[in-house]
Amino acid sequence: MSVPVLMELSRLIVSELNDQQAMYLREVGGTRTFPILIGQFEAQAINRQLLEEEPFRPLTHHLLKNVVAALGGAIEEVIITEMKEHTYFAALRIRVGDTVHDIDCRPSDAIAMAVHFSPILPIYVAEKVLNEVG
């Protein structure tokens, strides 16, 4: 199994005229980029956090972050693990004590979680996914 590639969120395109939003990941220390189409809600959640616009009450990603912490866990990183039939799959890596749990999620939710931390959580993409995207 190959080592996943460290990426960073390099660009977010939020359009009020279109249902399809996009986020672009860029290889840290490299040249590869990785685009993902995402939904409007996830794009707004990521954008709001990047702009440091705190909501009046906790939203879904704040809730999940707070629940994991209250249960003694820590979200350590996110990884985009595979692509099946033009759909990307991701995981949140959550540590509880000595155990690491990979929790299946959509890449847009994984990235939205990553940006809710300071510094932003590490974002990885499996080498095979980058090769498939080309």
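In the predicted model, the buried residues of helix α3 are Pro107, Ser108, Asp109, Ala110, Ile111, Ala112, Met113 and Ala114. Eight of the eight residues of α3 are thus buried, so the helix is largely enclosed by the rest of the structure. Helix α3, which spans residues 107-114, also supplies five residues to the largest nonpolar core, the largest share of that core. The core comprises 32 residues, of which Leu25, Phe34, Ile46, Ile80 and Ile111 touch the most other members. In soluble globular proteins, nonpolar side chains tend to be buried together.

The surroundings of Ile46 illustrate how this core is connected. Apart from neighbours within four places in sequence, Ile46 is in contact with Ser108, Ile111 and Ala112, among others. Those three residues are among the buried residues of α3. The remaining contacts of Ile46 under that sequence criterion are Leu9, Leu12, Met23, Ile38 and Val115.

The strands are arranged in an open sheet of seven members, with the order β3-β2-β1-β7-β4-β5-β6 and mixed pairing. Strands β3 (33-38) and β6 (99-105) form the edges, each pairing on one side only. Direction ignored, neighbouring strands of the sheet are turned by 35° against each other on average. Helix α2 (residues 60-70) packs on this sheet, where it touches β4 (73-84) and β5 (87-96), and its direction makes about 125° with that of β4. Helix α3 likewise packs on the sheet and touches β1, β2, β3, β4, β5, β6 and β7 (123-125); the angle between its direction and that of β5 is about 40°.

Two antiparallel pairings involve strand β1. Strand β1 (residues 5-13) is joined to strand β2 (residues 21-27) over six bridges in the antiparallel sense. Within this pairing, Leu9 has Leu25 of β2 as its bridge partner, and Ile13 is matched with Ala22 of β2. Leu25 is also one of the core residues that touch the most other members, while Leu9 is among the contacts of Ile46. The pairing of β1 with β7 is antiparallel as well and extends over three bridges; here the bridge partner of Met7 is Ile123 in β7.

A search of the whole structure yields one aromatic pair. Phe34 and Tyr88 constitute this pair in an edge-to-face arrangement, with a centre-to-centre distance of 5.1 Å and an angle of 75° between the planes. The pair links distant parts of the chain, as Phe34 lies in strand β3 and Tyr88 in strand β5, 54 residues apart. Phe34 has a relative accessible area of 0% and is therefore buried. Tyr88, at 19% relative accessibility, also counts as buried, because the criterion is a relative accessible area under 20%. Phe34 additionally belongs to the group of core residues that touch the most other members.

A polar site is found at Gln49, which is located in helix α1 (residues 40-50). The relative accessible area of Gln49 is 15%, so this residue is buried. The side chains of Gln49 and His116 are joined by a polar contact of 3.2 Å. Not counting residues up to four places away in sequence, Gln49 touches His116 together with Glu54, His62 and Val115. Val115 is also in contact with Ile46.

Notes:
Residues are numbered from 1 along each chain as its sequence is written. This is a predicted model: local features need pLDDT of at least 70, side-chain atom pairs count only at pLDDT 80 or more; totals for chains, interfaces and linings use all residues. Side-chain values use heavy atoms; hydrogens and water are left out. A nonpolar core is a set of buried Ala, Val, Leu, Ile, Met, Phe, Trp, Tyr and Cys residues joined through side-chain atoms within 4.5 Å. Buried means under 20% relative accessible area, exposed over 50%, partly exposed in between (1.4 Å probe, protein chains only). Helices (H or I, at least four residues) and strands (E, at least two) are DSSP runs, numbered from the N terminus. Contact means heavy atoms within 4.5 Å. Two strands pair if DSSP finds at least two bridges between them. Axes are lines fitted to C-alpha atoms, for helices over the stretch in contact, and angles run from 0 to 180 degrees between N-to-C directions. A polar contact is a pair of N or O atoms within 3.5 Å; within protein, one must be able to donate a hydrogen and the other to accept it, and residues adjacent in sequence count only if both atoms are side-chain atoms. Rings of Phe, Tyr and Trp (its six-membered ring) pair if their centres lie within 6.5 Å; planes under 30 degrees apart count as stacked, over 60 as edge-to-face and the rest as tilted.
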